[in-house]
Structures are given as structure tokens and as C-alpha cells.
Amino acid sequence: MKCTAKNRAGKRCGRDSIPGGRVCNFHGGGAPQVQTAARLRLAALVDPAIGVIAKLLKAKKPSNVNLAAARDILDRNGLKPKEERTLDAVGETLETLLAVYNRIPDGSTDGDS
Ligand SMILES: [Zn+2]
């Protein structure tokens, strides 16, 4: 969302507003009370977003637009799925791949006799 403040020429600011807010950092978005209000505004959307996702789970024709909006709200509230992978899992996968690789018979036919 773009900042709703106007510049000296009377035109809209055009900068991105702070998440959940209506103004950019330059036009008051950095003030603690504005940031608190923005956080509360975003947090108030979490329950409706979860409701939308719950409805989509039961819907015969799920709407991608509704799902994207609900996920965006949850993401902005820091409720996105974890994308971390542990090094153990990577090492285990590598070991599995090596084990499979080592089981592949050697196809070379250089005629050692
Ligand atoms: Zn602005």
C-alpha cells in the first residue's frame, strides 16, 4: 500500500507505507504510536485470515485470490511456515545418494580378463 500523505505540491507521497500502516516512515510511520497501531491493524486480520483458509479447505472451488490474501496477512504477521533445513538432513540425504551411487554396477568394459 502506498503512503496516503501529500507532499508540498499537494500530490500523494507515493512511497510504500509501513506494513499495516497508511503512511511511510518519512510521513510519521516511524513514530511508535503509528507503528503500534499498524501492528494491531495487522494482528486484527489474523483470525479472519485463518477463517478464510478454513473455508477454502471445505470449498468445492477454492479461490486462489482469497488464499493468497489470507497467506499474505499471515506472512506479514510473522506466521509463515518454517523454511529451515538442518545440516543433519542434508548430510543424511547425501549419504543416501552416495549409497545408491555405490550400488550402481560398474558399466566399464575395458577387458581386464
Ligand atoms: Zn509518505
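I began with the secondary structure of the protein chain, which in this predicted model comes to four helices and zero strands. Reading along the sequence, I noted the pattern α-α-α-α.

Next I looked up burial and found that, of the 113 residues in the protein chain, 11% are buried. I then turned to the contacts between residues at least 6 apart in sequence, and recorded that 19% of these join residues at least 24 apart.

I went on to the pair formed by helix 2, residues 46-58, and helix 3, and noted that they pack at an angle of about 145° with their axes 9 Å apart. The crossing of helix 2 and helix 3 I entered as left-handed. On the helix 2 side I listed Val46, Ala49, Val52, Ile53 and Leu56, which meet Asn66, Leu67, Ala70, Ile73 and Leu74 on the helix 3 side. Sorting the residues of this contact by character, I have nine nonpolar, one polar and no charged.

I stayed with helix 3, which covers residues 64-76, and asked how far apart its end C-alpha atoms are. They are 18 Å apart, and I take this to agree with expectation because 13 residues, at 1.5 Å a residue, should span 18 Å; the expected span is reckoned as 1.5 Å times one less than the number of residues.

Last, I followed the chain out of helix 3 and found that glycine 78, just after the helix, takes a positive phi of about 75°.

Definitions and conventions. Residues are numbered from 1 along each chain as its sequence is written. This is a predicted model: local features need pLDDT of at least 70, side-chain atom pairs count only at pLDDT 80 or more; totals for chains, interfaces and linings use all residues. Helices (H or I, at least four residues) and strands (E, at least two) are DSSP runs, numbered from the N terminus. A residue is buried if 20 or more other C-beta atoms lie within 10 Å of its own, exposed if 12 or fewer, and partly exposed in between; C-beta atoms are placed from the backbone. Two residues are in contact if their C-beta atoms, placed from the backbone, lie within 7 Å. Axes are lines fitted to C-alpha atoms, for helices over the stretch in contact, and angles run from 0 to 180 degrees between N-to-C directions. A crossing is left-handed if the near helix is turned anticlockwise from the far one by less than a right angle, and right-handed if clockwise. Ala, Val, Leu, Ile, Met, Phe, Trp, Tyr, Cys and Pro count as nonpolar, Asp, Glu, Lys and Arg as charged, and the others, Gly among them, as polar.
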